[in-house]
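Here is a short report on internal space and backbone geometry. Please look over the sequence and the model before reading on.

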Amino acid sequence: MFLSLAALPVSSQAPPAKDEAVHNELRALRDGLAPILGVPNPRLRVTTEDVGGAFGLKTGPYPEYLAILVAAKKLGRPVFWMSNRAEAFLSDNHARDAYSDVELALDEKGKFLALRIRHLGNMGAYIGAVGANIQTVNLARCLPGMYDIKLIDIGARCVFTNTTTTAPYRGAGRPEANFILERVIDEAARVSGIDPIRLRRRNLIKTSAMPYKTAVGTTIDSGEFETVLDKALALAEHDGFKQRRREAAKRGKYRGIGISCMLEHAGGFPLEATALNFPGGERVILGLNVQSTGQGHATTFNPMLAERLGIKPELITHQHGDSAMEIAGYASVGSRSAMTVSHAMIKTVEALLAKGKTIAATVLETAEADIEYGDGRFGIVGTDRAISLFDLAARAKEMKQRGEIPEDLDTKVTAETPLTFPNGCHIAEVEIDPATGELELVAYAAVDDCGNALNKMIVEGQTHGSIVQGLGQAMMELNRINYQNLSSDGRTQYDMAKRFVSQAEDALKAKNLPFANNLADKAASIATQLAGR
């Protein structure tokens, strides 16, 4: 069972509207609102400034946005509405709220033979953003996780109820899939008597089997799953657990350990574009469709672009948050921004330099084959004759205005990026006081593989933050529905939350958690394993 969750962001919805403009998410929001309003997409302009943490919650349209747009149109003046946190708790999209019946078949040696899942997902009273995709496609694509399971039978039903709409929030189907696998594997270990770690290791997909075609039709391109498991066990000092459990028993405490291996599909919507524009002077604007909601896009992408162009990062301006830029793509969800934007940006740079060599050949009066680019300059091979990127951009604008060339150096490219499959292993230790039931997280180890990390500082920060958020979901968060008055009476336990977060931070510090290549939305899946341990 996956309990219903509410995001409860500190920064709640606050979109003002003027005529047909709204302030919140970007292209995904515009493309969702415009058809409902019955206007062409370009008639509706969405602009965003700083947006707080979203994790999928702030991507799609809410009914209030339509109401203020219509009101602004009728009144002919700006209309402003701000959701307070109490109403956000009741009416913002909820998440999870699903139930799965799972069966795992094994042979006498503990080899996985087949997996059967019957999944029931609550849509709430109305269909939400992304609709039923979360409890169907998103969930199924994560199977069979890190395990070699040749046969999979999965059936999902999505039902309407009288509860709040469910939609993407921190994982959107992927935590559910990994929770399903890890819980049934733990149960298989209990029934068969096979050690849980040995059972997992016996069924991991081998590195030599990559690329691995799964039973659900995806292809896992790479992975070193046994290495990830071994590193997590070493980081958690798993061999010393029995001794730590005996010491806890002497203190009158129960001590348990939980392990979870996971794999997710990252990328979601494969198309994304980037734009490079030269406004004049020594400045280039990197235009992105994806909205930064705390992921540090400028910190990540600007240095990458600077390296590709051979210029200083401070010459680059990061720009986002305006649908009028007409940059194709989708929202900052599904662990997609880093991989799709970096790929599109590389393609954009390649297209820009190809145009630049052609234009530079004309300006420098030589053959295009003799032009080379490096350190921010187009030059003639074997000579000191060259022109800087910014000077060529200015000349190109003049040449285009005179009709001498069809395009200047302003460049926009859309690229398609295939799914990737980040994976990892998390191990948690807890102690329980049998007299009071008090739970303490005493250790947490995490090893994750997301491939080539573009910015280690940001990835490490997301590792810590996502683990704590995942622990919160596993241990404290629950929406209880009062069916007599159809309201939610879930409560935020601030004192307990403060104490639990402090414990989580202490556990991370105690382990001196190293850089572990994490994608932010994974820990919500992994930490849920604590609930079963």
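Is Glu365 buried or exposed? The model is a predicted one. Glu365 has a relative accessibility of 69%. The cut-off for exposed is over 50%, so Glu365 counts as exposed.

## Positive phi values

Glu365 sits in the loop that runs between helix H10 (337-363) and strand S15 (371-374). Its phi is near 55 degrees, which is positive, and Glu365 is not a glycine. Most residues other than glycine have a negative phi.

Asp97 also has a positive phi, near 55 degrees, in a residue other than glycine. Asp97 belongs to strand S6. Its relative accessibility is 24%. Buried means under 20% and exposed means over 50%, so Asp97 counts as partly exposed.

## Cis peptide bonds

Most peptide bonds are trans. A cis bond links Leu143 to Pro144, with omega about 5 degrees. Pro144 is placed in the loop between H4 and S8.

Another cis bond links Met210 to Pro211. Here omega is about -5 degrees. Pro211 is in the loop between helix H6 (196-203) and strand S9 (212-213).

## The largest cavity

How many cavities of 30 Å³ or more does the structure hold? There are four cavities of that volume or more. The largest cavity holds about 60 Å³ of space.

Its lining draws on Ala95, Arg96, Met123, Gly131, Ile134, Gln135, Thr166, Ala167, Ala172, Gly173 and Glu176. By class, the lining of the largest cavity has five nonpolar, four polar and two charged residues. Strand S6 (94-106) gives at least two residues to this lining, and helix H4 (134-141) also gives at least two.

## Helix H4 and its packing

Which residues of H4 are buried? They are Ile134, Gln135, Asn138, Leu139 and Ala140. Of these buried residues, Ile134 and Gln135 also line the largest cavity.

The buried residues of H4 pack against two kinds of element. The strands are S6, S7 (112-124) and S8 (151-160). The helix is H5 (174-192). S6 therefore appears in more than one part of this report: S6 supplies lining residues, packs against buried residues of H4, and contains Asp97, which counts as partly exposed.

Terms used. Residues numbered from 1 in each chain as written. Predicted model: local features only at pLDDT ≥ 70, side-chain atom pairs only at ≥ 80, totals over all residues. Heavy atoms only, no water. 1 Å grid on protein atoms, 1.4 Å probe; cavity = no way out; pocket = protein on both sides within 12 Å on 5 of 7 lines; lining within 4 Å. Points joined across faces, edges and corners; volume = space filled by probe spheres on them. Helix = DSSP H or I, 4+ residues; strand = E, 2+ residues; numbered from the N terminus. Nonpolar A, V, L, I, M, F, W, Y, C, P; charged D, E, K, R; others polar. Buried < 20%, exposed > 50% of the residue type's maximum accessible area, 1.4 Å probe, protein only. Contact = heavy atoms within 4.5 Å.
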